Each structure stands twice: as C-alpha cells, then as structure tokens.
Amino acid sequence: MAKLVSGIEHVCIKCKNAEEFAKVKHFYTEVLGLGVIRSWGNEEKPCITFDTGNGGIEVFTEDVEDLPQGAIRHFALATEDVDACVKAVREAGYKITTEPGFVTLDSNPPYKLRMAFCIGPVGEEIEFFQGLS
C-alpha cells in the first residue's frame, strides 16, 4: 500500500474563552518562543497557528465547556491526497465525520486547503489536511 500520510500537519487546542486563549498565546509565543504562521477570527473568538518548525499548533476558542476529547480537539495528518485517505478509512469501516472539501481560511495571510475528518479506532478525531497555498 502507498504511504498516504507525510507527517503531522498540526495539533489543535481548544480554549473555552478569550482569557484562556490569551494565556495559551502567551505560553507558546513568550515562554516557548514560537512564531505565528497565521491568525484569524475576531476579538471574541480568536484563532492562531504557531510554527513548531515541522508542524503547527492550532489554537481557537469555542465558547463551550469541556469537550469529550479534552483540550486537544484533534490532530491533523499532512497528506497530498485527502480523498485517498478518506477512501482507505471508509473501506476499513471507520466513520467519516466531515467529507473532503476545499476551505480558504480568512486568515493573515489567507490559506487554502483541502480537508476531511474521521474518527479513529479509539475515538480520536483525525483531520486529513492538504495545504494548497
């Protein structure tokens, strides 16, 4: 079988509110010294992706209490073929929660991608992520 995944594209952390977001942003920029790849959203629901050097940490707010998966919302696997990943997962009997689609993040700078989501074997949420710009 051909290798469908080339690495971890990002890990996504959710924050309950802007106050938590500010703490997370401070930790990753001021404490760990990570740069920012892109940012989007607004003052009430800010979003940001930090550069780890070989992947990203995506952080956003949801205005929700605890998610069943905890603070780590999902992890995204980098791929050159989202559709092939979805086909393999579906054929193996796993649930696709978001069908493949094109998205343009209204971020600074704008970012085009193709993505899909599934649920893994122990309930983990997995995003298949193909950056296009």
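Reader: How many strands form the open sheet, and what is their order?

Author: Eight strands form the open sheet, in the order 2-3-4-1-5-8-7-6, and the pairing is mixed. Strands here are DSSP runs of E with at least two residues, helices are runs of H or I with at least four, and both are numbered from the N terminus. Two strands count as a pair if DSSP finds at least two bridges between them. Strand 2 and strand 6 stand at the edges with a single partner strand each, so one side of each has no neighbour in the sheet. The twist from one strand to the next averages 20°, an angle between N-to-C directions of axes fitted to C-alpha atoms, on a scale from 0 to 180 degrees.

Reader: Where is confidence lowest and where is it highest in the protein chain?

Author: The protein chain has an average pLDDT of 86, and 92% of the residues score at least 70; pLDDT is the predictor's confidence in each residue, from 0 to 100. Strand 5 (residues 72-79) is lowest with a mean of 83, while strand 6 (residues 96-105) is highest at 96. This is a predicted model, in which local features need pLDDT of at least 70 and side-chain atom pairs count only at pLDDT 80 or more, while totals for chains, interfaces and linings use all residues. Residues are numbered from 1 along each chain as its sequence is written, and side-chain values use heavy atoms, leaving out hydrogens and water.

Reader: What makes the pairing of strand 5 and strand 8 parallel or antiparallel, and how many bridges are there?

Author: Strand 5 pairs with strand 8 (residues 125-131) in the parallel sense, over four bridges. One bridge sets Leu77 against Phe128 in strand 8. Strand 1 (residues 5-15) runs antiparallel to strand 5, with seven bridges joining them, and Ile13 stands opposite Ile72 there. Phe128 of strand 8 is also the bridge partner of Ala116, within an antiparallel pairing of strand 7 and strand 8 that spans seven bridges.

Reader: Why is strand 7 called largely enclosed?

Author: Seven of the nine residues of strand 7 (residues 111-119) are buried, so the rest of the structure largely encloses this strand. Buried stands for under 20% relative accessible area, exposed for over 50%, and partly exposed for the range in between (1.4 Å probe, protein chains only). Strand 7 also pairs with strand 6, antiparallel and over seven bridges. Among the partners in strand 7 are Cys118, facing Ile96, and Arg114, facing Phe102. A hairpin of five residues links strand 6 to strand 7.

Reader: How do you know that Arg114 and Asp83 meet in a salt bridge?

Author: A salt bridge requires a side-chain nitrogen of Lys or Arg within 4 Å of a carboxyl oxygen of Asp or Glu. The N to O value for Arg114 and Asp83 is 2.9 Å, so the pair meets that definition. Arg114 lies in strand 7 and Asp83 in helix 2 (residues 82-91), so the contact ties together parts 31 residues apart in sequence. With a relative accessible area of 12%, Arg114 is buried, whereas Asp83 at 36% counts as partly exposed.

Reader: How many salt bridges does a search of the whole structure find?

Author: The search finds four. One of them joins Glu91 to Lys87, with the closest N and O atoms 2.9 Å apart. Both residues belong to helix 2 and sit four residues apart, about one turn of the helix. Glu91 counts as exposed, at 59% relative accessibility. Another joins Glu99 and Arg90 at 2.4 Å, N to O.

Reader: Why is Glu99 called partly exposed?

Author: The relative accessibility of Glu99 is 45%, so Glu99 falls in the partly exposed range. Arg90, at 41%, earns that label too.

Reader: What makes Phe27, Val31 and Leu32 a nonpolar patch?

Author: Patch members have over 30% relative accessible area and no salt bridge; nonpolar side chains (Val, Leu, Ile, Met, Phe, Trp, Tyr) are joined within 5 Å, and like charges within 9 Å. Together these three residues offer about 270 Å² of accessible area at the surface, computed by the Shrake-Rupley method with a 1.4 Å probe, and for residues only the protein chains shown count as cover. Leu32, in the loop between helix 1 (18-31) and strand 2 (35-41), has 47% relative accessibility and counts as partly exposed.

Reader: What joins Asn108 and Pro109?

Author: A cis peptide bond joins them, with omega at about 0°. Pro109 sits in the loop between strand 6 and strand 7. Most peptide bonds are trans.
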